[in-house]
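Here is a model to go through together, one label at a time. Let us see what stands behind each term.

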Amino acid sequence: MRVLAGARVLDPDTGDTTRADVRLDGERIAEVGLGLAGERVDCSGGLLIPGLIDCHVHVAFPRPEPLPRSARILEAVPVLRGLLARGITTVRDAWGADAGFKHALREGWIAGPDLLVSLRQLSPTGGLGDSWEPPAGGVDHYGDPSLPDPLFDGPDAARAAVRRMVRAGADWVKVGASGAMRAVRSGADVRPTDDELAALVDEARRCGRDVLAHAHTSEAVVSAAGAGARSIEHGTFLDDSAVAALAGAWYVPTLSPISDSEFAGTHRRSLRLAAEAGVRIAAGSDLAPRPHVDLTTELRLLAEVLGEAAALKAATSEAARLLRLDDDRGRIEPGLRADLVLLDGTDLDVTDLPGRTRAVWHDGKAVSARS
Ligand SMILES: [Zn+2]
């Protein structure tokens with residue numbers, strides 16, 4: 001059995017690092033301690049952190065230019081491979097990837113992180129999930145049974161929309177509790193009612209699923225968190241009432257896509273407010289709006305507000321708790337999955353994680369090694 005020897009090992013919950021060896025047995029961590037016997041892999045001078053978890057990606061987001069449908073799917077192949085090489089070993093897709101991506105990963109046709117899918121973003125007519133154009137009306141660029149119709153109006157229709165997603169293999173149910181930023185700013189923010197959200201969350205629960213809710217405004221956050229959404233995404237404009245509502249949820253701020261907009265400062269203030277109130281925070285990059293942005297960028301932005309240890313916690317142990325995977329991954333402990341990243345140097349500096357990444361293990365297998 002292999003022993004990753006000589007590194008310091010991060011406890012993401014405390015931010016402490018200790019000198020220890022990590023013995024792997026197949027896809028699991030068998031033992032953490034000093035002087036472990038086995039086939040030694042020299043990790044001296046490095047820091048071992050748990051494989052990173054991105055709670056908000058879009059690995060198959062459409063490009064702005066019109067391309068044949070296969071292009072959107074095939075582009076995901078190098079995107080997934082690149083994420084894994086950078087140490088991102090689990091991702092939750094916030095819409096765009098269908099259940100076939102999971103099949104391809106499981107069969108080994110493509111390489112990538114473990115993937116949870118939500119298929120589409122549910123919303124009422126005129127809301128986030130409604131792609132409607134004045135000259136054409138309702139247009140569904142994804143017209144594909146594997147990415148079912150996300151629109152609903154009324155609580156019963158919300159339940160039916162959840163059932164369509166579960167039938168097509170959704171692990172999570174995504175809802176647009178507010179519209180897109182453009183709709184919010186232009187005063188055209190069509191939001192689901194509290195009754196619709198309550199029905200949607202209840203139906204998801206009956207199907208054994210949790211809900212992630214896109215919400216920019218405080219009203220949308222209060223309404224989605226109040227209905228029982230497990231995570232609130234973006235939360236750009238939080239006030240005290242929204243922060244109070246977040247006590248029962250996780251906050252996935254996705255700073256990256258908003259970081260160069262006029263609302264970047266407001267968004268950071270929202271994150272600071274939430275963190276000071278003790279809201280649980282998990283990391284998500286939103287990946288899609290700028291394909292070159294991934295969780296390593298989000299970690300740098302999170303660290304600027306929360307500090308490095310809290311940023312790493314949000315992308316490992318806390319992300320695993322949000323995804324209900326914490327008994328399987330997110331920390332470096334015996335019995336957990338051997339998803340590990342070896343960084344050069346032993347500090348928690350996250351300003352250039354790709355530049356520090358020496359090796360990645362996913363399910364106990366070495367992904368890449370720089371020597
Ligand atoms: Zn998104």
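Q: Which residue is the bridge partner of K174 in β15?
A: That partner is L212. Please keep in mind that the model is a predicted one.

Q: What makes β14 and β15 a pair of strands?
A: Two strands pair if DSSP finds at least two bridges between them. Strand β14 (residues 172-176) and β15 are joined by five bridges, so they meet that cut-off. The two run parallel.

Q: How do you know that β15 also pairs with β16?
A: The same test works here: at least two bridges are needed, and four join β15 to strand β16 (residues 231-234). The pair therefore counts, and its strands run parallel. Within it, H214 has E233 in β16 as its bridge partner.

Q: Why is β15 called mostly covered?
A: A residue is buried if 20 or more other C-beta atoms lie within 10 Å of its own. In β15 (residues 210-215), five of the six residues are buried, so the label "mostly covered" fits.

Q: What makes a β-α-β unit with β15 and β16, and which hand does it have?
A: Helix α6 (residues 218-227) completes the unit with β15 and β16, and the unit is right-handed. The term is used because, with the strands pointing away from the viewer, the path from the first strand over the helix to the second runs clockwise.

Q: How do you know that β1 and β4 pair?
A: Strand β1 (residues 2-5) and strand β4 (residues 21-25) share two bridges, in the antiparallel sense. The cut-off is at least two, so this pair qualifies. L4 stands opposite V22 in β4.

Q: Why are β5 and β6 called edge strands?
A: The open sheet of four strands has the order β5-β4-β1-β6, with mixed pairing. β5 (28-33) and β6 (39-42) each pair on one side only. On average, neighbouring strands of this sheet are turned by 25° against each other, direction ignored.

Q: Which domains does the assignment give, and what are their bounds?
A: Domain 1 covers 2-49 + 331-369, and domain 2 covers 52-322, according to the domain assignment of the chain. Their C-alpha centres lie 30 Å apart.

Q: How many residues does each domain bring to the contact?
A: Domain 1 brings 19 residues and domain 2 brings 17. Residues count as in contact if their C-beta atoms lie within 7 Å. On the side of domain 1 that touches domain 2, β20 gives the most, with three residues. By class, that side has ten nonpolar, five polar and four charged residues.

Definitions and conventions
Residues are numbered from 1 along each chain as its sequence is written. This is a predicted model: local features need pLDDT of at least 70, side-chain atom pairs count only at pLDDT 80 or more; totals for chains, interfaces and linings use all residues. Axes are lines fitted to C-alpha atoms, for helices over the stretch in contact, and angles run from 0 to 180 degrees between N-to-C directions. A residue is buried if 20 or more other C-beta atoms lie within 10 Å of its own, exposed if 12 or fewer, and partly exposed in between; C-beta atoms are placed from the backbone. Domain bounds come from an automatic or database domain assignment. Two residues are in contact if their C-beta atoms, placed from the backbone, lie within 7 Å. Ala, Val, Leu, Ile, Met, Phe, Trp, Tyr, Cys and Pro count as nonpolar, Asp, Glu, Lys and Arg as charged, and the others, Gly among them, as polar.
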